[in-house]
Number of protein chains: 2
Amino acid sequence: MGKNVYVGVDLGGTTIKVGLCDEFGRLLHTYEGPTGTEHGSDVVLENIAQYTRKLVADSSHEWEQVAGIGAGIAGFMDIPEGFIKLSPNLGWRNVPVKKILEEKLGKTVKIDNDANVAALGEAWSGAGAGIPNVVCYTLGTGVGGGIIINGKIYQGFKGMAGELGHITVVPDLEAVRCGCGMKGCLETVSSATGIIRMGKEAVERGEHTSLALLSDLTAKDVCDAAKSGDEVSLRIVNRAALYLGKSMAAVSVILNPQRFIIGGGVSKAGEFLFTAIRKYYQEFTQESAKEGVDIVAASLGNDAGIVGAAGLNLHS
Amino acid sequence: MGKNVYVGVDLGGTTIKVGLCDEFGRLLHTYEGPTGTEHGSDVVLENIAQYTRKLVADSSHEWEQVAGIGAGIAGFMDIPEGFIKLSPNLGWRNVPVKKILEEKLGKTVKIDNDANVAALGEAWSGAGAGIPNVVCYTLGTGVGGGIIINGKIYQGFKGMAGELGHITVVPDLEAVRCGCGMKGCLETVSSATGIIRMGKEAVERGEHTSLALLSDLTAKDVCDAAKSGDEVSLRIVNRAALYLGKSMAAVSVILNPQRFIIGGGVSKAGEFLFTAIRKYYQEFTQESAKEGVDIVAASLGNDAGIVGAAGLNLHS
């Protein structure tokens, strides 16, 4: 029998992506297919099982080499029990994912939330490889987070650790309500949604900006306009970076991680955004807490989820 | 040979306190003597060694039962190496504490900073006993902090984790400079020093307050006046509680600890202060991150340091 390999499942609302990793987190083979969300959880879980068998069969590995399977899922869950309490984007309530998949596949299955799993992927074999303590931000529709301590996902008391998008950073006078119910959360300014909102508001206020010429504004539009010198867009991207930097200052005096990793769609704005984030981080972080700390871009892209899910059986 | 016991050393600028604990963190015996700071580090370390031998001899235990010795020290240090880089209150620079004490006593010696050690004491056998993930605040001259994850002190990359007094919480317009170099740190409003400062400022502004009648204002004076209904003092104590609550809200979405423990001189203001802290914590913390989380007073008082130091050999 060959070496152990691990299967990671990235369960999205439209597509299920599965990948095979070796024990070093190297992605050996991938496969993907439709989720079938509309057919309900039984079909979705059967799809996961089939795609997983197909993935292994198509690779040069034996089924016996599969030492564990992990899945990253968006939603509220009981992680040790592998039980989804509520997943709004899948329309699931009370689905015992671990139990069902273990029965179907005869392998140990672990689940975790998508932001944690992406963080683990980056920490294991992406931008955090070899660094024991990293904190990851995912700047997408919302702002997700994941905290890796000694190479493992840190869950906290009820799995709520790493909810970095809900650090309150915006002062009361400028704060808007967040989806979580609080005001002034990082997510309201540093997510794609927040950037789009600020862009639309500027246009509505009649500010002089090239964004006024665009319909269906995206966060990329705002970042591109900023790079082209549009002052309003520059102000918006700077604001997103400012509050990210401030939140990292808080994380640094609380956890003192060695590295921050930033991924997600918004992070594709590139060095332009990272330069601003680093500047504000330096400005707002206590001297000793920032010593030797770096801020880098995620390196696995969309594969972070499958790699991290595969790693759940080694690093949790 | 009887059961293992552990020695904890609380090294203060004036007094060295030593204590003997069993494997459950129960304090069996204590001893204390002058530090002898003025005679330099060689004498201080010899005093520690002598007090430790005396402690064990006076107790009903054999020297052979001592399975480890720990010391809590204020200052900057290399914790794994047991090396003090700088301790302003002892006037030390580059003192290899671990190495010297191990030679003198023939036992394993571990050191850590005083706030971390007090946190470990409370987590081990004080207000956090049985709770794996707790965050401790010590409200004294400054605001110290300690983070306990899975029953162990979490140090972070360069030992700067748990510097809770330096979370930026005060909005720019009201922020004053902190000793650490930044502005708006929690320590500027929620430490004894911060409370005294706000009291003096109110008196200087000519506000109507009973504090004006006192010389040599202490944080206890302000808390007592607040309890007696002095409105200015009430506002000051509320402000200290407000920003503590806000900092805990940030800690909760980052780490999601199960329990917050608050100790130090200011915490002796009692239920009056805790009621305010809990109110603000509830107000500013995201729903899921505060679920089931409690905020309690430290229970070991001045013994937290020696108990936690004794625990360094079991919990680090």
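These legends go with several close-up views of a predicted model.

**Figure 1. Chain A as a whole.**
Before zooming in, here is the backdrop. Chain A has ten helices and 13 strands. Its radius of gyration comes out at 20 Å, close to the 20 Å that the globule rule gives for 316 residues, so chain A is as compact as a globular protein of that length. If you want a box around the C-alpha atoms, roughly 60 × 45 × 35 Å along the principal axes will do. Of the 316 residues, 55% are buried. Take the contacts in chain A with a separation of 6 or more: 61% of them join residues 24 or more positions apart.

**Figure 2. The surface and charges of chain A.**
About 13,000 Å² of chain A is exposed, and carbon and sulfur atoms supply 50% of that area. As for charge, chain A carries 29 positive and 35 negative ones. Average the positions of each set, and the two mean positions end up 3 Å apart.

**Figure 3. Helix α10 of chain A and its surroundings.**
This helix runs over residues 304-311, and eight of its eight residues are buried, so α10 is largely enclosed by the rest of the structure. The buried set reads A:Ala304, A:Gly305, A:Ile306, A:Val307, A:Gly308, A:Ala309, A:Ala310 and A:Gly311. What do they pack against? On the strand side there are β1 (5-11), β2 (15-21), β3 (27-34) and β4 (66-73) of chain A. Helix α3 (114-125) of chain A is a packing partner too.

**Figure 4. A:Gly263 in strand β12.**
Here we're looking at A:Gly263, part of strand β12 (residues 259-263) of chain A. This glycine has a relative accessible area of 8%, which falls under the 20% cut-off, so A:Gly263 is buried. Who does A:Gly263 touch, once residues up to four places away in sequence are set aside? The answer is A:Tyr137, A:Thr138, A:Leu139 and A:Ala298. For a distance to check in the viewer, try A:Gly263 to A:Val143: the two are 120 residues apart along the chain, and their C-alpha atoms are separated by 9.9 Å.

**Figure 5. B:Ser247 in helix α7.**
Over in chain B, B:Ser247 is part of helix α7 (residues 231-255). With a relative accessible area of 0%, B:Ser247 is buried. Where does its side chain find a polar partner? A polar atom of the B:Ser247 side chain lies 2.8 Å from the backbone oxygen of B:Leu244. Skip the neighbours within four places in sequence, and the contacts of B:Ser247 are B:Tyr137, B:Ile167, B:Val169 and B:Leu186.

**Figure 6. A:Asn94, with a positive phi in a strand.**
A:Asn94 is one to pull up if you like backbone torsions: its phi is near 55 degrees, a positive value in a residue other than glycine. The residue belongs to strand β7 (residues 92-95) of chain A. Buried means under 20% and exposed over 50%, so A:Asn94, at 49% relative accessibility, counts as partly exposed.

**Figure 7. B:Asp216, with a positive phi in a loop.**
The last view shows B:Asp216, a residue other than glycine whose phi is positive, near 50 degrees. You'll find B:Asp216 in the loop of chain B between α5 (192-204) and α6 (219-227). Is B:Asp216 buried or exposed? At 73% relative accessibility, B:Asp216 counts as exposed.

Note on methods
Residues are numbered from 1 along each chain as its sequence is written. Chains are lettered from A and ligands numbered from 1 in the order in which they are written. This is a predicted model: local features need pLDDT of at least 70, side-chain atom pairs count only at pLDDT 80 or more; totals for chains, interfaces and linings use all residues. Side-chain values use heavy atoms; hydrogens and water are left out. Helices (H or I, at least four residues) and strands (E, at least two) are DSSP runs, numbered from the N terminus. The radius of gyration is taken over C-alpha atoms; the globule rule is 2.2 Å times the number of residues to the power 0.38. Buried means under 20% relative accessible area, exposed over 50%, partly exposed in between (1.4 Å probe, protein chains only). Contact means heavy atoms within 4.5 Å. Accessible areas come from the Shrake-Rupley method with a 1.4 Å probe; for residues, only the protein chains shown count as cover. Lys and Arg count as positive and Asp and Glu as negative; His and the chain ends are not counted. The place of a charge is taken as NZ of Lys, CZ of Arg, CG of Asp or CD of Glu. A polar contact is a pair of N or O atoms within 3.5 Å; within protein, one must be able to donate a hydrogen and the other to accept it, and residues adjacent in sequence count only if both atoms are side-chain atoms.
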